[in-house]
Number of protein chains: 2
Amino acid sequence: MADLKLPPHGASKHGTNPLFLRDEELRQAMELLFFAYRDFTAEPDAILAQYDFGRAHHRALHFIGRHPEITVSELLRILRITKQSLNRVLGQLVAQGYVEQRQGTRDRRQRLLTLTGAGRTLEEQVSADQRARIAKAFREAGAESVEGFRKVLLGIIGGEEDRARFDRPGAPRR
Amino acid sequence: MADLKLPPHGASKHGTNPLFLRDEELRQAMELLFFAYRDFTAEPDAILAQYDFGRAHHRALHFIGRHPEITVSELLRILRITKQSLNRVLGQLVAQGYVEQRQGTRDRRQRLLTLTGAGRTLEEQVSADQRARIAKAFREAGAESVEGFRKVLLGIIGGEEDRARFDRPGAPRR
DNA sequence: CATATATGTCAACATGGCTGACTTAAAATT
DNA sequence: AATTTTAAGTCAGCCATGTTGACATATATG
C-alpha cells in the first residue's frame, strides 16, 4: 500500500480511473471531518479560555453531564486518556465547584461524578454554539441526510461498546 | 440560554417533550463527532510516533499532498495555526526529505510546498487506515447515507471559502 | 521611493497528552 | 483470615503542539 505509484493526491478530480475517483472521494471525506471538527471546536475553545479551561475540561463536563454518577474509570475509557491527565482536569473542575464527587454505595471505592448546578450552566454555555451549529446543519440537510450522517459516523467508530451508546429505540433495523 | 433549567443531559432519551428530544439528538451528534474523530486519528497517530512525528505533521503532509505547490500562507489559512507552529513542523519535514520548497515564479516571495516521493509514500502509509475506515463506513452505510454525511458535515463547516473546497461537478444543485 | 506582503526566526510560555513509580482503600478470591 | 485485585489518587518529569511578541529579509506594489 505504501509503495503504490500514484499521481499527486489532488490531481485527478475528474479522472477516468475509478480507483482515483474512489481515492478522491475518501480523501474528501477525510477533509470534511477535519474542517468540521476544526470549526466545531473553535467557539467552545474560545469561551473556555475565559475560564482558564481547555477542550479537555469541556469533554469531561460533557460526558459527566450526559452520564450523572459516572465513575472515573468509565470516563477514562470514553476519553482514552490516562488517569493522570484526567485527574489534572477533574481536580480543577471539582475545586472550582463545577463537578461533585460522591462515594459509590455499591462499591465504595468508586467516586461517582456529577455536575453541580454551576457545572450544568457552564456546560450549557460552552456547548451552545455547537448545538446551534449542528441544529443548523441538520435543518439545512434534512432528516434523510441526518440519518446518513449518523450511519456513516457510526461506521467510523471502532468499538462495538462505543457504537452501542447510539442504539436508538425507534430506528430502522436495516 | 445558559440559565435554562434542564434535567441532566442524559435523562430524557424517551422523553415526551420535543425540546428535550431535540437536545438529545443534538448531543448525540456531538458525541458521534467526538468518537468518530477519536477513532479516526488513533491509528495514524500511532504510526507517526514511530517516525517521531505527530498529528500536525500528518495534517501538513495531507494538505501538501492534496495541493502540490501550495503556499505557506494558504496552508496556514487551512490549518488555522500560527506560522511559528507550522514552521516547526514544516522544518522537520523538509529537513528529513518529505517536503520540497521551491521559490514561486510569479511571486518569488512565495515558497511553494510539494511532497517528495518519500513524502507521498509516508502520507500513503499514514493515511491507509483512515482511508480503509472511511471506505468501510461508506460501503456499510450506502451511497445515500454518504450523500447525507457530506451534506451535514458541509453544514457544520463555517466558512464559505472552506465549503467551496468541496464543490462537486456532478452534484445535484438543490 | 515608500509601503505592504510572504516568509522565516528567536525566545518564552501554556495546555494537555504521556511514562513510571508509588499509595490507599475496598472488594474479591482463595 | 490472608492475599490479591481493583478503583482511585499522587508526584515527578517529559514531549508535542499550540500560543504571543518582537524582529529580519526579500520582494511586490502603489
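**Exercise 1. Which residues come nearest to DNA strand C?**

*Solution.* The model is a predicted one, in which local features need pLDDT of at least 70, side-chain atom pairs count only at pLDDT 80 or more, and totals for chains, interfaces and linings use all residues. Residues are numbered from 1 along each chain as its sequence is written, chains are lettered from A and ligands numbered from 1 in the order in which they are written, and side-chain values use heavy atoms, with hydrogens and water left out.

Step 1. A residue is near a strand if one of its heavy atoms lies within 4 Å of it; of the 25 residues around DNA strand C, those that come nearest are G54(A), R59(A), R88(A), K83(B) and R109(B).

Step 2. On the DNA side, sugar or phosphate supplies 54% of the strand C atoms within 4 Å of the protein, and bases supply the rest.

Step 3. By class, this surface has three nonpolar, eleven polar and eleven charged residues, where Ala, Val, Leu, Ile, Met, Phe, Trp, Tyr, Cys and Pro count as nonpolar, Asp, Glu, Lys and Arg as charged, and the others, Gly among them, as polar.

**Exercise 2. Find polar contacts of DNA strand C with chain A, and the elements that form the nearby surface.**

*Solution.* Step 1. For a polar contact, a pair of N or O atoms must lie within 3.5 Å. A polar backbone atom of T82(A) is 2.6 Å from a phosphate oxygen of strand C, while a polar side-chain atom of Q84(A) lies 2.7 Å from a base oxygen. For S85(A), an N or O atom in the side chain is 3.5 Å from a phosphate oxygen of strand C.

Step 2. Two or more residues of the surface near strand C come from each of α2 (55–66) and α4 of chain A, and α3 (72–79) and α4 of chain B. Helices are DSSP runs (H or I, at least four residues) and strands likewise (E, at least two), numbered from the N terminus. The largest share, four residues, belongs to α2(A).

**Exercise 3. Carry out the analysis for DNA strand D.**

*Solution.* Step 1. Of the 26 residues around strand D, K83(A), R109(A), R59(B), S85(B) and R88(B) come nearest, and sugar and phosphate account for 53% of the strand D atoms that come within 4 Å of the protein.

Step 2. A base oxygen of strand D is 2.6 Å from an N or O atom in the side chain of R109(A), and a base oxygen of strand D also lies 3.4 Å from a polar side-chain atom of R109(B). The backbone takes part through R111(A), of which a polar atom is 3.5 Å from a phosphate oxygen of strand D.

Step 3. The largest share of the surface near strand D, four residues, comes from α2(B).

**Exercise 4. How is chain B related to chain A?**

*Solution.* Step 1. After least-squares superposition on the C-alpha atoms of residues with pLDDT of at least 70 in both copies, chain B can be laid on chain A with an RMSD of 0.0 Å by a turn of 180 degrees and a shift of 0.0 Å along the axis. That is the relation of a two-fold axis.

Step 2. Among the residues of chain B, F149(B) comes closest to the rotation axis, its C-alpha being at 1.9 Å.

Step 3. Because 100% of the interface residues of chain B are also interface residues in chain A, the copies meet through the same surface.

How values were computed. A polar contact is a pair of N or O atoms within 3.5 Å; within protein, one must be able to donate a hydrogen and the other to accept it, and residues adjacent in sequence count only if both atoms are side-chain atoms. Contact means heavy atoms within 4.5 Å.
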